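Trainee: Got a minute to go through this one with me? I'd like to start with a pair of residues.

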Amino acid sequence: RNENCNENYTTDFIYQLYSEEGKGVFDCRKNVLGHMQQGGAPSPFDRNFGTKIAAKAMQWISKKLKETYRKGKVFANTDDSVCLLGMRRRNLVFQPVAELKNETDFVHRIPKEQWWLKLRPLMKILAKYKTSYDVSDSGQLEHVAVRS
């Protein structure tokens, strides 16, 4: 939602509406993602991509609701009922959070394997960086503890 789209439907109003309607069923909280707002005006690509992932997410939610609805209740108690939508090799993929747990370094708050680190030799070549172009880098980072 956008603060400028309607003067009545603000973040506070939507939060209060969902809080009131969800009493005893669900709770809600407001969260304005600051880092998401730093990119300036969205491009046509951004808007198109946002529409595509929103549509895919709504289709997924609708499908899950139909699959898990029994006797007036929704039973969303399987690993694939909590997912993140993201890009994997040019495809939009839902990945269960339980699977992501195995791929995450929680101490350093980063993925265990960072695919983009394998691009470092290519970046050095493109930057005309004077170095050995050994491409045996596995894409892993070594963490160094900082002592004070």
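Mentor: Sure. This is a predicted model. Start in helix α2: Phe45 and Phe49 both lie there, 4 residues apart, about one turn of the helix.

Trainee: Why does that spacing matter?

Mentor: An α-helix has 3.6 residues a turn, so residues three or four places apart point the same way.

Trainee: How are the rings of Phe45 and Phe49 arranged, then?

Mentor: A search of the whole structure finds 4 aromatic pairs. In the pair Phe45 and Phe49, the ring centres are 6.0 Å apart and the planes sit at 5 degrees, so this pair is stacked. The cut-off for stacked is planes under 30 degrees apart.

Trainee: Is Phe45 buried or exposed?

Mentor: Exposed. Phe45 has 58% relative accessibility, and the cut-off for exposed is over 50%.

Trainee: And what about Phe49?

Mentor: Phe49 is partly exposed, at a relative accessible area of 29%.

Trainee: Which residues of α2 are buried?

Mentor: Trp60, Lys64 and Thr68.

Trainee: What do the buried residues of α2 pack against?

Mentor: Four strands are on the list: β1 (69–70), β2 (73–74), β3 (83–88) and β4 (91–96).

Trainee: Back to the helix itself. What should α2 span, given its 25 residues?

Mentor: Helix α2 covers residues 44–68, and at 1.5 Å a residue it should span 36 Å. Its end C-alpha atoms are 36 Å apart, so the two agree.

Trainee: New topic: the strands. In which sense do β3 and β4 pair?

Mentor: Antiparallel, over 6 bridges. One of the partnerships joins Cys83 to Pro96 in β4.

Trainee: How many residues lie between β3 and β4?

Mentor: There are 2, and the strands form a hairpin. Look at Arg89 in the turn: its phi is positive, about 45 degrees.

Trainee: Zooming out, how many helices and strands does the protein chain have?

Mentor: The count is 4 helices and 6 strands. Along the sequence the pattern is α-α-β-β-β-β-α-β-β-α.

Trainee: What share of the protein chain is buried?

Mentor: Buried residues make up 10% of its 148 residues.

Trainee: And what surface does the protein chain expose?

Mentor: About 13600 Å², with carbon and sulfur atoms supplying 55% of it.

Trainee: Last one. What share of the contacts comes from residues 24 or more positions apart?

Mentor: Such residues account for 23% of the protein chain's contacts with a separation of 6 or more.

Technical notes: Residues are numbered from 1 along each chain as its sequence is written. This is a predicted model: local features need pLDDT of at least 70, side-chain atom pairs count only at pLDDT 80 or more; totals for chains, interfaces and linings use all residues. Side-chain values use heavy atoms; hydrogens and water are left out. The expected span of a helix is 1.5 Å times one less than its number of residues. Buried means under 20% relative accessible area, exposed over 50%, partly exposed in between (1.4 Å probe, protein chains only). Contact means heavy atoms within 4.5 Å. Rings of Phe, Tyr and Trp (its six-membered ring) pair if their centres lie within 6.5 Å; planes under 30 degrees apart count as stacked, over 60 as edge-to-face and the rest as tilted. Two strands pair if DSSP finds at least two bridges between them. Accessible areas come from the Shrake-Rupley method with a 1.4 Å probe; for residues, only the protein chains shown count as cover.
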